[in-house]
Amino acid sequence: MSTKILALCDALGNLLKFALMPCQRHDSKGVEEMIRNQKFEALLADKAFDVQWLIERLQAQGVPIVISQRSNRRRPLAIDEHMYRWRHLIENFFGKLKEFKRIAMRSDKTDASFKAAIYLASAVIQSR
């Protein structure tokens, strides 16, 4: 068994908030709680977040959507290619987070101690 980390980062790739999810749960299930009461200018995400309800909600709010699209999408969305290049900052955050062996190996037994390790690691990452 493993744990997924669903994270919300700012434009520089710094952690704003995160949630732990069971590994077998789809990534898009925790997004609604994550973006509730958040104001942002764009949503950059990977293919797991290419779901219709999320896209419709963001379009209603006037938020630009910059999501890698699944290959089986019938009507591809027009995305800002320049903004899409910024997505690597979020991927870099996860790469830096996995440099911490305790997080990469999920060696904590409780969710509370695992969350504390993520907070500590993100503080170290931001201080670099």
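The largest nonpolar core of this predicted model holds 17 residues. Within this core, L6, V31, F49, L54 and L58 touch the most other members. Five elements each supply at least two of the core residues. Three are strands: strand 1 (3–9), strand 3 (43–45) and strand 4 (65–67). The other two are helix 1 (31–35) and helix 2 (52–61). L54 shows how such packing is built. Neighbours within four places in sequence aside, L54 contacts V31, I35, L43 and F49. Apart from the largest core lies another one, of 16 residues. Its members include L44, I90, A117 and I125.

These cores sit in a chain of six helices and four strands. Along the sequence, the elements follow the order β-β-α-β-α-β-α-α-α-α. Of the contacts with a separation of 6 or more, 31% join residues 24 or more positions apart.

The overall dimensions were examined next. The radius of gyration is 15 Å, which agrees with the value near 14 Å for a compact globule because the chain has 128 residues. The C-alpha trace spans about 45 × 30 × 30 Å along its principal axes.

Burial and surface complete the description. Of the 128 residues, 34% are buried. The accessible surface comes to about 8,600 Å². Carbon and sulfur atoms account for 52% of this area. The chain carries 22 positive and 14 negative side chains. The centres of these two sets lie 4 Å apart.

Terms used: Residues are numbered from 1 along each chain as its sequence is written. This is a predicted model: local features need pLDDT of at least 70, side-chain atom pairs count only at pLDDT 80 or more; totals for chains, interfaces and linings use all residues. Side-chain values use heavy atoms; hydrogens and water are left out. The radius of gyration is taken over C-alpha atoms; the globule rule is 2.2 Å times the number of residues to the power 0.38. Buried means under 20% relative accessible area, exposed over 50%, partly exposed in between (1.4 Å probe, protein chains only). Contact means heavy atoms within 4.5 Å. Accessible areas come from the Shrake-Rupley method with a 1.4 Å probe; for residues, only the protein chains shown count as cover. Lys and Arg count as positive and Asp and Glu as negative; His and the chain ends are not counted. The place of a charge is taken as NZ of Lys, CZ of Arg, CG of Asp or CD of Glu. A nonpolar core is a set of buried Ala, Val, Leu, Ile, Met, Phe, Trp, Tyr and Cys residues joined through side-chain atoms within 4.5 Å.
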